[in-house]
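Here are a few exercises to work through with the model open beside you. Try each one before you read its solution.

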Amino acid sequence: MLSNLLTLSIGAILIENFVLVQFMGICPFLGVSKKVETATGMGLAVVFVMACASGLTYFVNLLLNLLGIAYMRTIAFILVIAVLVQFVEMFLKKSIPALYNSLGIYLPLITTNCAVLGVALLNVTKKLGFIESLVYGATAGLGFTLAIILLAGVRERLESSNIPDFLKGMPITLITAGLLSVAFMGFSGLSF
Amino acid sequence: MSKFTVALRLFIITSVTAVFLAFAYKVTAPITEANNQKTFQESLREVLPLAKEFKQIDPGSFEDETVTINSINVGYAGAEATDLKGYVVTATSSEGYGGDVCVMVGVDPSYKVNKVIISSPFSETPGLGANAKKPAFLDQFIGKGGNIEVVKGEAKGDKQISAISSATITSKAVTACVNASIEVIKATSQKTAAAAEEIKLVAEEKVDQSNAELDAALENRKDEPTPVIKEDDGNE
Amino acid sequence: MNKKETFLNGLFKENPTFVLLLGMCPTLAVTTGVIDAMGMGLATTFVLICSNIFISLLRKFIPETVRIAGYIVIIAGFVTIVEMLMNAYFPALAQSLGMYIPLIVVNCIILGRAEAFASKNGFLPSVLDGCGMGLGFTGALMIIATVRELLGAGSLFGLPILGGSGMSIMIMAPGAFFTLGIILAVINIISAKKKGGQEDAF
């Protein structure tokens with residue numbers, strides 16, 4: 001069981017990183033990676049949401065299968081995620097207003113982060129148990145956090161570099177992300 | 001707007017959507033099922049082209065941590081159903097990258113792989129594990145006899161195949177399915193031989209039985225007075 | 001904006017992929033082949049048009065405080081219908097697009113247009129906006145896929161062209177980032193030249 005969890009975790013963070021290999025969570029990855037500080041905040045919020053979403057959707061899926069309405073899965077999952085993010089928003093506003101303010105509009109946008117719905121659906125496809133789903137959800141979020149912090153680190157450096165006008169902004173960010181992706185390809189031979 | 005009205009309106013939207021989906025499901029589910037059946041039959045013929053008829057047999061209990069045997073079909077040629085052409089096994093490995101990897105393996109009567117195709121479910125990464133569907137990878141299995149090992153780089157000899165680069169997990173899952181398929185055929189071939197014997201015996205029995213009936217009828221005829229052909233004197 | 005402008009807006013001026021930078025996840029994930037890209041683009045367009053229609057028609061009925069949840073339910077409903085239709089009529093495409101079909105629900109383009117346009121406009125403009133944005137998205141996906149498939153696998157629409165093999169890196173993850181980045185850079189160069197040209201005219 002433990003080695004299974006380890007394989008899942010290393011897979012989610014390194015070998016098949018959710019952002020750099022599986023292309024989930026790209027919008028916030030490109031949008032919130034200007035400063036390392038905001039990137040870290042966003043990353044941690046996403047870890048929390050992904051872990052909770054994995055746990056909740058596990059039970060929702062059991063219920064749907066029991067009632068024989070598996071085709072309602074997409075709707076049910078996204079509604080659960082939307083409600084979860086609402087609660088996280090309200091909670092952060094009351095308890096950690098600094099984080100709430102720095103994330104701004106990107107907090108409700110976690111609902112549309114493909115990685116959250118993606119990991120919930122992957123839990124179902126991979127037929128993971130409850131603990132495994134939680135671990136996979138949390139580590140997938142960690143993979144996202146790792147990628148976004150790395151990109152933010154590079155982008156902060158690029159601020160003071162001499163970049164040709166036509167590459168400024170999105171083009172150079174994408175090319176940087178591509179190079180990060182190449183680096184992560186180095187993990188693909190890893191196995192346990 | 002009161003909180004109740006808000007909740008009610010949202011509830012109405014959700015319920016109406018759910019009803020539409022239930023309806024769409026009722027309409028599309030049988031079509032999906034029919035398509036699946038058709039594809040299954042076509043795949044059976046693809047991996048074992050020499051066979052004309054397929055008979056499903058019970059896979060029995062095959063113990064393996066990662067591979068489940070879904071079905072075994074025995075392929076025969078001709079109506080006699082005794083000309084064995086091989087076996088088709090569908091096996092699913094839970095060790096694929098994106099979930100289950102389902103493989104269909106055609107095995108010839110000498111337990112060598114005839115052909116391997118990927119069936120569904122299969123949701124490996126496009127461009128990486130999804131390349132397992134290509135003949136360049138699958139043709140490696142043809143003619144091999146099981147216990148195949150996955151190596152990175154050049155495969156040497158009859159017991160190795162070359163993994164798809166940066167898709168080792170998918171390659172291993174497919175290979176596990178192929179190996180398990182051959183194992184299960186070896187294990188159940190006694191069952192198939194017995195099944196074929198049974199069909200033969202039943203056929204022979206039927207022949208024997210009709211021969212016996214014929215003999216009995218002839219016997220009965222012997223006991224009957226032989227019809228004497230009398231001179232027909234017209235008056236009886 | 002008149003009707004023609006509404007439609008063309010989504011194709012060029014506010015192209016969701018190259019200008020608004022929305023819907024990045026499928027843009028990078030599904031562009032390994034032109035056929036997959038076209039399938040995903042058309043599926044998304046279908047959902048976009050349908051959801052635009054219903055959100056526009058129901059815009060007075062959906063309460064403001066829960067409008068996002070309302071939009072999501074409607075969008076998710078259509079995505080599920082697309083899933084079912086694909087499984088029934090195009091099983092091969094459904095297999096290759098895999099998990100990205102349900103992920104159409106969280107494609108920022110659809111929610112973005114619902115919020116920015118369909119909730120504030122009537123039936124016909126919403127339809128046109130959906131068509132324009134959807135086709136703009138499909139076109140963008142196909143352009144990226146053409147580059148990636150041609151350079152990465154030497155094929156187009158699955159048919160081998162340049163000797164049937166290429167630089168695998170284009171088909172793999174980094175290729176997606178590089179292709180999009182370079183296309184955006186090229187667009188920047190072109191629009192800078194246009195601006196420069198206009199300034200010179202003065």
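**Exercise 1.** How much area do chain B and chain C bury between them, and what share of it is on carbon and sulfur atoms?

*Solution.* Keep in mind that this is a predicted model. Start with the area: chain B and chain C bury about 2,000 Å² between them, and 75% of it is on carbon and sulfur atoms. Next, find the main suppliers on one side: B:Arg9, B:Ile13 and B:Leu21 provide 26% of the area that chain B buries against chain C, more than any other three residues. Then count the participants: chain B brings 22 residues to the contact and chain C brings 24.

**Exercise 2.** Work out which polar links cross this interface, and which elements of chain B take part.

*Solution.* Look for salt bridges first: the rule finds zero between chain B and chain C. Polar contacts come next, with two residue pairs. On the side of chain B that touches chain C, α1 (3-47) and β5 each supply at least two residues. The most comes from α1(B), with 14 residues. By class, this side of chain B has 12 nonpolar, eight polar and two charged residues.

**Exercise 3.** Is C:Thr179 buried or exposed?

*Solution.* Locate C:Thr179 in helix α9 (residues 173-201) of chain C. Its relative accessibility is 5%, so C:Thr179 counts as buried, the cut-off being under 20%. Beyond its neighbours within four places in sequence, C:Thr179 contacts C:Ile144, C:Val147, C:Arg148 and C:Met170.

**Exercise 4.** Describe the backbone and setting of B:Tyr111.

*Solution.* Most residues other than glycine have a negative phi. B:Tyr111, however, has a positive phi near 60°. B:Tyr111 sits in the loop between β4 (99-107) and β5 (113-122) of chain B, and at 25% relative accessibility B:Tyr111 counts as partly exposed.

Terms used
Residues are numbered from 1 along each chain as its sequence is written. Chains are lettered from A and ligands numbered from 1 in the order in which they are written. This is a predicted model: local features need pLDDT of at least 70, side-chain atom pairs count only at pLDDT 80 or more; totals for chains, interfaces and linings use all residues. Side-chain values use heavy atoms; hydrogens and water are left out. Helices (H or I, at least four residues) and strands (E, at least two) are DSSP runs, numbered from the N terminus. Buried means under 20% relative accessible area, exposed over 50%, partly exposed in between (1.4 Å probe, protein chains only). Contact means heavy atoms within 4.5 Å. Buried area is the accessible area (1.4 Å probe) that two parts lose on being put together, summed over both. A salt bridge is a side-chain nitrogen of Lys or Arg within 4 Å of a carboxyl oxygen of Asp or Glu. A polar contact is a pair of N or O atoms within 3.5 Å; within protein, one must be able to donate a hydrogen and the other to accept it, and residues adjacent in sequence count only if both atoms are side-chain atoms. Ala, Val, Leu, Ile, Met, Phe, Trp, Tyr, Cys and Pro count as nonpolar, Asp, Glu, Lys and Arg as charged, and the others, Gly among them, as polar.
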